[in-house]
Amino acid sequence: MTELLAVVAITLLAVISPGPDFAMVSRNSLLLSRRTGVLTALGIAGGVCVHVTYTLLGVGLLIQQSLWLFNFIKLAGAAYLLFLGIRMLRAKPASDERDVDQPTLSSLGALRTGFLTNVLNPKTTIFIVSLFMQVVQPQTPLAVQLGYGAFIVLAHGLWFGAVALFFSTDAVRARLLAVRHWIDRVFGALLVGFGLLLALTQSSR
């Protein structure tokens, strides 16, 4: 029971902490559409599923032990965040009302954006690998570990799904869409900041 409570508590704290996933879902929900935001959240859950899978297979330990592999993932994630952030920083004011409401991201694109934002985030790697290596006991049955993994994926999906629903409500969007280019730039600056922080942070593993 203690192990279960620890997994639940640590997972919930990790999920709600601000980061690239939150910034991406918020931006896509607010500036594009509810559907885009929810699909981005589902993409994030898919990325978490990848982290859980390789951790249960033992590959996560290899990533944790291999400095070059960890740094490769870290730099790839930083480059992706910088690419997205710079593109958002270049956002321009909408020329007319039609531009305000026109989605610019396909369903597949939204899923891909959420997936890559999460799967290339080494902090998620550290969180999940550390959770299974330090909190979950070696003698814990595989079925229980799979249950923990399913909970972690579900927690991410539900939380970011809720974030998408909130930022896509009519009341929120009506107040903010008029200055969407500034919002895009703010989220772009956040992603650039996350990317630079990720690239420049020394590994302390």
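**Entry 1: the core**

I looked first for the largest nonpolar core in this predicted model, and I found that this core holds 34 residues. I noted that the residues with the most contacts inside this core are Val48, Ile128, Ile152 and Leu191. I then asked which helices build this core, and I listed α1 (2–16), α2 (20–31), α3 (34–56), α5 (67–89), α8 (122–135), α9 (142–167) and α11 (180–200), each of which supplies at least two residues. Helix α9 gives the most, with 8 residues. I kept one background remark beside this entry: in soluble globular proteins, nonpolar side chains tend to be buried together.

**Entry 2: Val48**

I picked Val48 for a second look, and I asked myself which residues Val48 is in contact with, once its neighbours within four places in sequence are left aside. I wrote down Asn118, Ile128, Ile152, Val153 and His156. Two of these partners, Ile128 and Ile152, I had already met among the residues with the most contacts inside the core.

**Entry 3: the whole chain**

I stepped back to the chain and counted 11 helices and 0 strands, so that, read from the N terminus on, the elements run α-α-α-α-α-α-α-α-α-α-α. Of the 205 residues in the chain, I found that 46% are buried. When I took the contacts between residues at least 6 apart in sequence, I saw that 87% of them join residues at least 24 apart. For the surface, I recorded that the chain exposes about 10,800 Å², and that carbon and sulfur atoms supply 70% of this area.

**Entry 4: a pocket**

I turned to the second largest pocket, for which I noted a volume of about 340 Å³. Its lining has 19 residues, and those closest to its centre are Ser17, Gly19, Pro20, Asn121 and Lys123. The elements that give two or more residues to this lining are α1, α2, α8, α9 and α11. I sorted the lining of this pocket by class and obtained 11 nonpolar, 6 polar and 2 charged residues.

**Entry 5: Arg87**

I looked last at Arg87, which lies in helix α5. Is Arg87 buried or exposed? I found a relative accessible area of 51% for Arg87, and since exposed means over 50%, Arg87 is counted as exposed because its value passes that cut-off. I also compared Arg87 with Gly188: the two are 101 residues apart in sequence, and from C-alpha to C-alpha they are 7.2 Å apart in space.

How values were computed. Residues are numbered from 1 along each chain as its sequence is written. This is a predicted model: local features need pLDDT of at least 70, side-chain atom pairs count only at pLDDT 80 or more; totals for chains, interfaces and linings use all residues. Side-chain values use heavy atoms; hydrogens and water are left out. Helices (H or I, at least four residues) and strands (E, at least two) are DSSP runs, numbered from the N terminus. Buried means under 20% relative accessible area, exposed over 50%, partly exposed in between (1.4 Å probe, protein chains only). Contact means heavy atoms within 4.5 Å. Accessible areas come from the Shrake-Rupley method with a 1.4 Å probe; for residues, only the protein chains shown count as cover. A nonpolar core is a set of buried Ala, Val, Leu, Ile, Met, Phe, Trp, Tyr and Cys residues joined through side-chain atoms within 4.5 Å. On a 1 Å grid over the protein atoms alone, a cavity is a set of points where a 1.4 Å probe fits but cannot get out, and a pocket is an open set with protein on both sides within 12 Å along at least five of seven lines; lining residues have an atom within 4 Å of a point. Grid points are joined across faces, edges and corners, and a volume is the space filled by probe spheres set on the points. Ala, Val, Leu, Ile, Met, Phe, Trp, Tyr, Cys and Pro count as nonpolar, Asp, Glu, Lys and Arg as charged, and the others, Gly among them, as polar.
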